[in-house]
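Colleague: Please take a close look at one part of this chain for me. I would like a plain account of where its residues sit and what surrounds them.

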Amino acid sequence: MERISSNGGEYVNSAYDTTLDGPPVYEVTSLSNGENRAVRFSVVSAFGHDTLDRVPNIDFYRNAGSVSGHRAVRPSLQELHDIFQKNGAISVPDTVDDSGDGSDGTPSDDVESAEPIENNSGAVKFGWIRGVLVRCMLNIWGVMLFIRLSWVFGQAGWGLGIVVIALSCVVTTITGLSMSAICTNGVVRGGGAYYLISRSLGPEFGGSIGLIFAFANAVAVAMYVVGFAETVVDLLKEHDALMVDEINDIRIVGCITVVLLLAISVAGMEWEAKAQIVLLIILLVAIVNVFVGTFIPATETKKSQGFFNYNAKIFSENFPPAFRDGESFFSVFSIFFPAATGILAGANISGDLRDPQAAIPKGTLLAILITGITYLAVALCVSATVVRDATGNITDIITGNNHHCNGSAVAACELGYDFSSCEVDDCKFGLMNNFQVMTMVSGFGPLIIAGTFSATLSSALASLVSAPKVFQALCKDNIYKALHFFAKGYGKNNEPIRGYVLTFIISVGFILIGNLNIIAPIISNFFLASYALINFSCFHASYAKSPGWRPAYKFYNMWLSLLGAVLCCGVMFVINWWAALLTYGIEILLYIYVTVKKPDVNWGSSTQAVTFVSAVSNALSLSGVEDHVKNFRPQILALTGSARTRPALLDLAHGFSKNYGLCLSCEVFVGPRSEALEEMNSGMEKNQLWLRKTKRKAFYAAVACESFREGTESLLQASGLGRMKPNTLMIGFKRNWRTAGTEALLSYVGVLHDAFDFEYGTVILRMDQGLDVSHIIEAEEEMLRAVKEQQSLETDLNGRKASRGLFRKTRKSSTQVLTTRVSVCGPLPPQVAKMNERLIEASSQFKKKQPKGTIDVWWLFDDGGLTLLLPYILTTRKKWKDSKLRIFIAGQPERSELDKQEMMSLLEKFRIKYSEIIVLDDIHVKPSSDSLKKLEDMIEPFRLHEGSKDTAQAEALRKEHPWKITDEELETFEEKTNLQVRLNELLQENSKSANLVIVSMPIARKSVSDHLYMAWLDTLTKDLPPTLLIRGNHKSVLTFYS
């Protein structure tokens, strides 16, 4: 087994036992009876004796290519079961061949299957504090804390303000709980929100949200940087130091800032983490500065601007809401809520965490708690010290004792200031008017500016790191194949340099636009959509009740997660209804795109689990309802052999069932079970995969039996589930019945007898060119193997330098190998090649759109209507829409018109369209002597001719050849034999140019010898276009009742 090497060394898991992965070694042991057996050297186990069984070990549960330890392969069940068999040659390897058919870039089965990082020595991994807690706090503590929080509490009052913060924290906390549950349900790899959602809900949801989440982070960089640039430009303006003008200065400062942030990010996660620590310290100092400032006695200037230190009257006056300028609770909430986002900052770098399962829940939930308390504490402190309106004029001091305090500024009035003029004129100070309240309240104003810088830059830096990391994980999974270029990582931490550059370009583009007011609500909604899906993922996984859903974090509730998802969707509309609709629209379009592309991944999503539960539930519901003729649909069991072997048969069966009925492509492996099982098991997945790739909506089923008939009998009896079980057997006509041998023919006709015994409708397809293309497929595979061997040899020869040493290894040239391989197959004779060409053309006949023509239905016997229903179903398919039904029925010469009218009436009641009804009133006419002669020649080798012998000889012949056609049998069934010959003559006259011919199949009576019955079928369908022989189970499948 391959090991992961880096820097010339080898990565070895300390818990890995090398004896577990070695190839099996066998020693030959002689038994007392002279027999030998091969025994693998066993390992002394905890049970005190040698055994091949292994004790449970984590390395058995890894995937191949695991990045965190070597995978060990436990002894297979077959190895344990077969080890002491006679001459116990075992072909079961101890390692797994992982060179499957997956294309390059195809996602691995799970996180353990990631491509090993080449230079992983010295990779930086963070704990829960630096990796999650710090990042989340910095991202949640934004400019809102210093600039808009006071305004929010001024508008809503501290009563509703607490509700605003609490509601925001409820949404983020529920999301954090859901995320914690998902994170602890298995190993977490890089990709953050995208990884969590995609592995829970599947690639459709994950791929759609991953792209918009990465884009949202990239644009968020521009938003935070523009916020920083605006603050810098305001300072430049105050000091009259503008470079060009306000807008262009914002662009210049913004672009310089992004370049510096990009340099920090590209330098590596260690540098970025150090920068985040510095910014956190500055931010913490700024927050403490606000609290300290509230205790410093207010100066006269500060009092005139509305700050009076802690005062109960101010606190009570600021309790009720005072919404102005068209604001409401929801509009204020929509302004504040984006400040509470940022809880995914830690999860987004999950690939760089030492233990993401423990770090993400602990760090995220603690960050929500700390930041929520901080927002609440700062807001309440400001609400208890600053009035809503203030003039900023120190001359508004109240003098004298005869001033009566009333109106909205009672608290300020009682404290000696008259701000009543603010009711008439616009004031510039107070909670409602001044966005720089925090600077005024703080002990040292410039620290608040530094805090604002820290808040914007830390958020920008976090988004600049998050966007490429999430985008890289999305690209690695190859859901959008065009984006796989960005999957490559560099350096010891597998840094997404290409993603950084792309994020830089996007952010600079939006910075140059300058005005981000329109894009801001869309970005907020993108983040909220991610939160909604994380909550829904947790609910969905819990609802599916999958045994694989076993999160280590238990403090979650599925209904709470559903509430969180609904709240997130509601908040999206509260923030901006058109942005919410746009977000949903983009997500739906991406979902449809990924669904149509069908990425070749299987992550064991909860969507699969719910689909399975729904399928079982629906199957059980169906089993409690009796079948009704109106709901009858053909459920086909097609004996195709391997799914690729008889394409025409499979295509026609698929045409009957399409997406609306059950279609089973079945194969019987004949031979000793020990040999057949290995071939069968190896082909199961391969055949189902081929059906899926070629878009055949069918299931592959196989059985291993000693005979073809026994295998088919098993399929007929056991296939299906409840009401979803096949009701129609479809089989190809046995063209070689005259040379196949008695046993083979007995088995074939026996299958038809079994189908009738089990009340199956039976369909036989005959095409003159045949149905079986297995020999052509085998030749193609042989040639492909030869070409691959040639390519590998050429690569090997080109890669090695032509050394001329004494011990140089000689090998055949690749050309020689290919020539040898092809010569074994040998060039095909022209006649055989032409036959194969016609066979391939015929085998693909039903894949193509059928030309204008007819489907001729010879409905000669009433079998319940299956002979009529199947061709009708074909005409409803796109490929057959230009084919019209012609109905042929048997009639009597004197009442042909009446028979025609009766059939017309019946078809009208059945609501089945037809182009023509033809009554055959000359079926009873004796066939021509030439036709009879051909039949006699056909059955001659199989006749007993006992009539010319005496009784004893005749009896001896019957015992010796019980399968042969007797003269007595021929005489008994003469009329029926002549009928098949006559029908073929009529078919030749009327249906030679039809696209498809459908004929009522003669019943295989048990009293009729197999050879005679096959002669009937052969004669009836000879020299015709593709022909279907159909016989229903004589239960109605058509009705004219509503």
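Modeller: What follows starts with the whole chain and then turns to a surface patch and a strand residue. This is a predicted model, in which local features need pLDDT of at least 70, side-chain atom pairs count only at pLDDT 80 or more, and totals for chains, interfaces and linings use all residues. Residues are numbered from 1 along each chain as its sequence is written, and side-chain values use heavy atoms, with hydrogens and water left out.

The chain has 34 helices and 16 strands (DSSP runs, H or I of at least four residues for helices and E of at least two for strands, numbered from the N terminus). Of its 1042 residues, 50% count as buried; buried means under 20% relative accessible area, exposed over 50%, and partly exposed in between, with a 1.4 Å probe and protein chains only.

Strand β10 covers residues 728-732 and includes Thr728. Thr728 has a relative accessible area of 0%, so this residue is buried. Apart from neighbours within four places in sequence, Thr728 is in contact (heavy atoms within 4.5 Å) with Pro634, Gln635, Ile636, Leu637, Tyr760, Gly761, Val763 and Leu866. In the chain, 79% of contacts between residues at least 6 apart in sequence join residues at least 24 apart.

Lys658 lies elsewhere in the sequence, in the loop between α21 (647-657) and β8 (663-670). Lys658 counts as partly exposed because its relative accessibility is 31%.
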